[in-house]
Amino acid sequence: DVRRAAAWSLFMAAGKVEVREDLLNVMEGRDEDELRLEAVKSLFGVTNVSRIRDALLKLAQDERESTTLRYGAILSMITRRGDWDVRRALEYMESHEANPALRAAAMHALYRDIDYTIADFFHLAFVPPGYQRDPLINE
């Protein structure tokens, strides 16, 4: 799907306010989950922006949303786990979330560093401590 590919390709441009806002609108919209998930993935690099962090955290906690979207939003919090409200939400999901995949995602975001699982999911071209990789390896 062209729209999903477009959302995915905006990862490196998400630092620009207008691109970030467009991706946020897609993520919060009512399009198909696959498109919204690509927006989540493209917003991974800008979770330091409070508006983005808050929107992803809200999505992660929204039980009306699909498991797929919530999973991506939960994993995206791996870089924000030092924020008190994010940590509290992840700890709550770790102990109270009924869905085992989402519980596991919360544990991953809480206790693990960016690894190949995260790099594959978010199409990252690096894995700390500085290993380069092909972000399209699984495409």
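## Packing around α3, α5 and the aromatic cluster

The buried residues of α3 pack against α1 (2-9), α2 (17-28), α4, α5 and α8. Buried here means under 20% relative accessible area, while over 50% is exposed and anything in between is partly exposed (1.4 Å probe, protein chains only). This is a predicted model, so local features need pLDDT of at least 70 and side-chain atom pairs count only at pLDDT 80 or more, whereas totals for chains, interfaces and linings use all residues. Residues are numbered from 1 along each chain as its sequence is written, and side-chain values use heavy atoms, with hydrogens and water left out.

Now the overall layout. The chain has 8 helices and 2 strands, and from the N terminus on they run α-α-α-α-α-α-α-α-β-β. Those elements are DSSP runs numbered from the N terminus: helices are H or I with at least four residues, strands are E with at least two. Of the 139 residues, 44% count as buried. As for contacts (heavy atoms within 4.5 Å), take those between residues at least 6 apart in sequence: 54% of them join residues at least 24 apart. The accessible surface comes to about 7,600 Å², and carbon and sulfur atoms hold 52% of that; areas come from the Shrake-Rupley method with a 1.4 Å probe, and for residues only the protein chains shown count as cover.

Back to the helices. α3 is mostly covered, with 8 of its 10 residues buried, and charged names such as R36, E38 and K41 are among them. α5 is mostly covered too, at 7 of 10 residues buried; that group includes L69, R70 and I74. Its cover includes α3, α4, α6, α7 (100-111) and α8.

Next, the rings. Rings of Phe, Tyr and Trp (its six-membered ring) pair if their centres lie within 6.5 Å; planes under 30 degrees apart are stacked, over 60 edge-to-face, and the rest tilted. By this rule the count comes to 3 aromatic pairs. Two of them are tabulated here.

| Pair | Type | Centre to centre | Angle between planes |
|---|---|---|---|
| F44 and F122 | stacked | 4.2 Å | 25° |
| F121 and F122 | edge-to-face | 4.9 Å | 75° |

F44 lies in the loop between α3 (33-42) and α4 (50-61) and F122 in helix α8 (residues 116-122), so their pair ties together parts that are 78 residues apart in sequence. F44 is buried at 5% relative accessibility, and F122 is buried at 1%. F121 is buried as well. One aromatic cluster takes in F44, Y71, F121 and F122. K41 joins the picture too: its charged end sits over the ring of F121, 4.8 Å from the centre. That label requires NZ of Lys or CZ of Arg within 6 Å of the ring centre and within 35 degrees of the ring normal.

Which residues does I78 touch, not counting those up to four places away in sequence? They are F44, H108, A109, R112, D113, I114 and I118, so F44 has a role in this patch as well as in the stacked pair. I78 itself lies in the loop between α5 (67-76) and α6 (84-96), and is buried, with a relative accessible area of 6%. I78 and A109 are 31 residues apart in sequence but 4.2 Å apart in space, C-alpha to C-alpha.
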